[in-house]
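Dear colleague,

Please find below the structure that I am handing over to you, followed by an account of what was found in it.

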Amino acid sequence: MFSRLREDIRSVFDRDPAARTAWEVLTCYPGVHAVIMHRLSHWLWCLQLRWLGRLVSHLARFLTGIEIHPGATIGRRFFIDHGMGVVIGETAVIGDDVTLYHGVTLGGTSWNKGRRHPTLENGVVIGAGAQVLGPITIGAQAKVGSNAVVVKSVPAGATAVGNPARIIDTDLAQKREEMAGQMGFSAYALASNQDDPLAKAIHGLVDHAVETDRRIGVLLKKLESSGVCLEDELATADKFDPNYLSKIVD
């Protein structure tokens, strides 16, 4: 038990630069308290002492603001940073070295019995406010951006952002991770320069449309200067405001 506790404290120092002393971590980190109490509630749950396990889980929720069902399976060095509002469902499975930030939900999408919560493989990072829903799998070392809503499995090493979540380009994400490693770490699994991929695609289409309009305008002027007669409808085609479109996409 004490070796696991030492592991938990070391993992906080590895992932939270605000941590100063082991005593501070042990007494002032609700994520550590929640994990310790979950181990007790899970042990009781496995002994078929279901009510007692739920009671310990309920007390942990009252004390820490973190709700972990005693039936959830959690690996080693699990770290919940800040923690308030985290909810982990009964059939959730969490691997080793996983990090969750505040407001994360590992929830279900069905009222049926059986597996209905996510599986997080080793090294997964879930950003603040993200909702990971259903019996899906988040692959090893994958990251989920803040406030993302994930309802489909995420491949190992990928980064998912948005609502519904979409996978960021793997090569681009890797380059950003390398840069983030030089500058520090991305605390909420999403760097400031990682735009929603759908928004980026729409911006690209808007830019392309603007350039196409410019070229058509040049062609019309060339035709008119050559004496080619153009119909009024073609000469006065509808225009759109690209700045307005960019604003509503942002």
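**Findings**

Strand β6 (residues 99-100) and strand β9 (residues 125-126) run parallel and are joined by two bridges. Within this pair, Thr99 stands opposite Val125 of β9. Strands here are DSSP runs of E with at least two residues, helices are runs of H or I with at least four, and both are numbered from the N terminus. Two strands are taken as paired if DSSP finds at least two bridges between them.

Please note that this is a predicted model, in which local features need pLDDT of at least 70 and side-chain atom pairs count only at pLDDT 80 or more, while totals for chains, interfaces and linings use all residues. Residues are numbered from 1 along each chain as its sequence is written, and side-chain values use heavy atoms, with hydrogens and water left out.

**Sheets**

The protein contains eight helices and 15 strands. Strands β6 and β9 belong to an open sheet of six strands with mixed pairing, in the order β3-β6-β9-β12-β14-β15. Its edges are β3 (79-80) and β15 (166-167); each has a single partner strand, so one side of each is left without a neighbour in the sheet.

Another open sheet has four strands in the order β2-β5-β8-β11, with parallel pairing. Here β2 (73-74) and β11 (137-138) stand at the edges, each with a single partner strand. Two bridges connect β5 (residues 93-94) with β8 (residues 119-120), and Ile94 has Leu120 as its bridge partner in β8.

**Helix α3 and the nonpolar patch**

The 17 residues of α3 should span 24 Å (1.5 Å times one less than the number of residues), and the C-alpha atoms at its ends are indeed 24 Å apart. Buried residues of α3 include Val32, Val35, His38 and Trp45; buried means under 20% relative accessible area, exposed over 50%, and partly exposed in between (1.4 Å probe, protein chains only). The buried residues of this helix pack against α1 (2-15), α2 (22-28), α4, β1 (67-68), β2 and β3.

Leu40, also in α3, counts as partly exposed at 42% relative accessibility. Together with Trp43, Leu47, Leu49, Trp51, Leu52, Leu55 and Leu59, Leu40 forms a nonpolar patch on the surface, with about 800 Å² of accessible area (Shrake-Rupley method, 1.4 Å probe, only the protein chains shown counting as cover). A patch of this kind joins nonpolar side chains (Val, Leu, Ile, Met, Phe, Trp, Tyr) within 5 Å, from residues with over 30% relative accessible area and no salt bridge. The elements giving two or more residues to the patch are α3 (30-46) and α4 (50-64), and α4 provides the largest share, four residues.

**Salt bridges**

Nine salt bridges are present (a side-chain nitrogen of Lys or Arg within 4 Å of a carboxyl oxygen of Asp or Glu). One of them joins Arg77 and Asp97, at 2.6 Å from N to O. This pair links distant parts of the chain, with Arg77 in the loop between β2 and β3 and Asp97, 20 residues apart from it, in the loop between β5 and β6. Arg77 is partly exposed at 23% relative accessibility, as is Asp97 at 32%.

In helix α6, Glu211 forms a salt bridge with Arg215, the closest N and O atoms being 3.1 Å apart. Salt bridges that share partners also join Glu7, Arg76, Arg77 and Asp97 into one network. Glu211 meets Arg214 as well, at 2.7 Å from N to O.

Yours sincerely

How values were computed
Patch = residues over 30% accessible without salt bridge, like charges linked within 9 Å, V, L, I, M, F, W, Y side chains within 5 Å. Contact = heavy atoms within 4.5 Å.
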